[in-house]
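Here is my notebook from a first look through a new structure. I wrote the entries in the order I looked things up, so feel free to follow along.

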Amino acid sequence: MTEPVAIVAPSRARVLAAYAIVYVIWGSTYLAISLAIRTLPPFLMAGARFLVAGLILYAFTRARGAARPTLSHWKAATIIGGFLLLIGNGAVVWGEQYVPSGITALLIATVPLWMSLLGWLGPERRRPNVRIAVGLIVGLLGIVVLVGPGALVGEGGTVDLVGSGVIILGALSWAIGSLYARTAVTPPSPGLGTAMQMVAGGLLLVALGLGTGEGHGLDPATMSMTSVSALLYLIIFGSLIGFSAYIWLLRVEPPTRVSTYAYVNPVVAVALGWLIAGEPLSPRTLLAAAIIVGAVVLIVSAPRAVARGEIALPPSVATAVPRRRRDTAGV
């Protein structure tokens, strides 16, 4: 008879370090995007980021024993990558040309709101409980405070309405793709599935960039070291290290606790945008941040609102993590 294998709990320091990575690094990706697109074309930059990160993660997961994906897996990955990266992240990188990184993060923080709303109005007809319903109302109010006219919500800095609208559409697309990912045919390994979504979405973003003429004026001489460094930061820290820390936390910590990144990231993004990039931090922005983050807290902390893999990663980071199955092989 074989003796049972002892399970060693991870050290508190390691757990805290993983939370710090997910909180701070993911919160910093919005600022990194704004720095990268100063001298790099938005869509080509995003496409290169996810394509490189996806190929690295794909090679790593396959080397760790993940089975070769099927054609059905690639089809699902392309659809998910289209909603999450082509539209979702594409809206972020385009919108940040006109909207500060901190405000972008606040608008993207509404993804759980759209997921709850789509779950209610969509085929699943999941009627929200009182806490989620209040969160939806409060969250929509926060958006009005953030981007509404000054006569309605008070002065304190105007926000580009077109850029904000595109970012909100990106958040909605992210929610649609995340809901699709929950039932799509994906590989057993979450890491492999995410790598495939990155590769497919990265190729779509590159195609969009080339199709919109971004390649014509692409000149390495005009690329600043700041922008190139920001791109490398997004690849290494935002997509690879941050994602690895998130997947590991899902294994050792309750999903409801891990999901707290959803309302910590925008706070970090607003603070970093103000401290490093000198983005304005008006009373209006602070009020909207409090309202939106409070709404996300209500929704994410509601009973059964958070299951493993049901709260998607933010569009500035990576792709949705499919719901785990019993035969899942880790990354």
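**Entry 1: the helix pair.** I am working with a predicted model, and I started with two helices. I looked up α3, residues 71-95, and α8, residues 161-183, and found that their axes come within 8 Å and cross at roughly 160°. Angles over 145° count as roughly antiparallel, so α3 is roughly antiparallel to α8. I also noted that the crossing of α3 and α8 is left-handed.

**Entry 2: who touches whom.** Next I wanted to know which residues make this contact. From α3 I listed A76, I79, I80, F83, L84, L85, I87, G88, N89, A91, W94 and G95. From α8 I listed V162, G163, V166, I167, G170, S173, W174, I176, G177, S178, Y180 and A181. I then sorted the residues of the contact between α3 and α8 by type: 16 are nonpolar, eight are polar and none is charged.

**Entry 3: aromatic rings.** I turned to ring pairs and counted seven aromatic pairs. I picked W26 and Y246, whose ring centres are 5.3 Å apart and whose planes stand at 40°, so I wrote the pair down as tilted. W26 sits in helix α1 (residues 12-36) and Y246 in helix α10 (residues 225-252), so the pair ties together parts that are 220 residues apart in sequence.

**Entry 4: a second partner.** I found that W26 also forms an aromatic pair with Y261. This pair is edge-to-face, with 5.4 Å centre to centre and 80° between the planes. Y261 belongs to helix α12 (residues 261-275), and the pair links distant parts of the chain, 235 residues apart. I put the three names together in my notes: W26, Y246 and Y261 form one aromatic cluster.

**Entry 5: buried or exposed?** I checked whether W26 is buried or exposed. Buried means under 20% relative accessible area, so W26 at 0% counts as buried. Y261, at 3%, is buried by that cut-off too. Y246 is also buried.

**Entry 6: stepping back.** Last, I looked at the protein chain as a whole. How many helices and strands does the protein chain have? I counted 13 helices and zero strands. Of its 331 residues, 53% count as buried. I also looked at contacts between residues at least 6 apart in sequence, and 90% of them join residues at least 24 apart.

Methods: Residues numbered from 1 in each chain as written. Predicted model: local features only at pLDDT ≥ 70, side-chain atom pairs only at ≥ 80, totals over all residues. Heavy atoms only, no water. Axes fitted to C-alpha atoms, helices over the stretch in contact; angles between N-to-C directions. Helix = DSSP H or I, 4+ residues; strand = E, 2+ residues; numbered from the N terminus. Parallel < 35°, antiparallel > 145°, perpendicular 65-115°, else oblique. Left-handed = near helix turned anticlockwise from the far one by under 90°. Contact = heavy atoms within 4.5 Å. Nonpolar A, V, L, I, M, F, W, Y, C, P; charged D, E, K, R; others polar. Phe/Tyr/Trp six-rings, centres within 6.5 Å; stacked < 30°, edge-to-face > 60°. Buried < 20%, exposed > 50% of the residue type's maximum accessible area, 1.4 Å probe, protein only.
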